[in-house]
Amino acid sequence: MFSKEESRQIRQLFWTSFGKSFPRKWILYNTKIKGFSFKFHFDNRTAAVFLDLEDDLENRINHWEKLQSLQSILVEDYLPEAIFEEEYFLENGKEISRIHITLDQKVSIHNKNTWQMVMEFFNEKMAAFEDFFNEYKDVINP
């Protein structure tokens, strides 16, 4: 096991290494759409990329409906393994809508032997998510 400080340092090293290995300015929160963001996730069990809708219910539903209308395009042309969850509950109990892709391998941020696989997964999947977003952002947020 790692102390909290050791774990923090390992996490920081991973994200620094990822940034150096795949230098790119990711969109993430800079979508220009309130409550609409892309996120990376890597912990002791899983690695995933998310598209989260966290705005008020009316805007969330509006954007979700537009994403659903584009679902076949996203799945067929960009991310075949994308999972759509209209109602997703975060650990704090907050309800959001989420589209996500999870790496189907056993990984851990504390295991440096899995880092390269996760970095490549992040780079490939988030780039595809961003390509989709850039192509269809005017449909998502007219």
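Below, a biologist quizzes a modeller about a predicted model.

Modeller: Ground rules: this is a predicted model, where local features need pLDDT of at least 70, side-chain atom pairs count only at pLDDT 80 or more, and totals for chains, interfaces and linings use all residues. Residues are numbered from 1 along each chain as its sequence is written, and side-chain values use heavy atoms, with hydrogens and water left out.

Biologist: What makes S2 and S4 a pair of strands?

Modeller: Strands are DSSP runs of E with at least two residues, helices are runs of H or I with at least four, and both are numbered from the N terminus. Two strands pair if DSSP finds at least two bridges between them. Six bridges join S2 (residues 47-53) to S4 (residues 95-102), so they qualify as a pair. They run antiparallel.

Biologist: And what is the strand order in the open sheet?

Modeller: The four strands go S1-S2-S4-S3, with antiparallel pairing. S1 (36-42) and S3 (83-89) are the edge strands, as each pairs on one side only.

Biologist: Why is arginine 98 called buried?

Modeller: Buried means under 20% relative accessible area, exposed means over 50%, and partly exposed is in between, using a 1.4 Å probe and protein chains only. Arginine 98 comes out at 5%, so it counts as buried. Its place is in strand S4.

Biologist: How do you know that arginine 98 and aspartate 52 form a salt bridge?

Modeller: The term asks for a side-chain nitrogen of Lys or Arg within 4 Å of a carboxyl oxygen of Asp or Glu. For arginine 98 and aspartate 52 the N to O distance is 2.6 Å, so the pair passes. It links distant parts of the chain, with arginine 98 in S4 and aspartate 52 in S2, 46 residues apart. Aspartate 52 is buried too, at 0%. The two are also bridge partners in the sheet.

Biologist: What makes the link between arginine 98 and tyrosine 88 a polar contact?

Modeller: A polar contact is a pair of N or O atoms within 3.5 Å; within protein, one must be able to donate a hydrogen and the other to accept it, and residues adjacent in sequence count only if both atoms are side-chain atoms. The side chains of arginine 98 and tyrosine 88 are joined at 3.3 Å, so the distance fits.

Biologist: Which other residue has a salt bridge with aspartate 52?

Modeller: Lysine 39, at 3.2 Å, N to O. Aspartate 52 is in S2 and lysine 39 in S1, so this pair ties together parts 13 residues apart in sequence. Lysine 39 is buried, at 18%.

Biologist: Why is glutamate 81 called partly exposed, when its partner lysine 125 is called buried?

Modeller: Glutamate 81 has a relative accessible area of 35%, so it is partly exposed. Lysine 125 has 10%, so it is buried. Their side chains meet in a salt bridge of 2.9 Å, N to O. Glutamate 81 lies in the loop between helix H3 (71-78) and S3, and lysine 125 in helix H4 (residues 115-140), so the pair ties together parts 44 residues apart.

Biologist: What makes something a nonpolar core, and how many residues has the largest one?

Modeller: A nonpolar core is a set of buried Ala, Val, Leu, Ile, Met, Phe, Trp, Tyr and Cys residues joined through side-chain atoms within 4.5 Å. The largest here has 40 residues, and those with the most contacts inside it include Phe14, Phe36 and Phe122. H4 gives the most to this core, with 13 residues.
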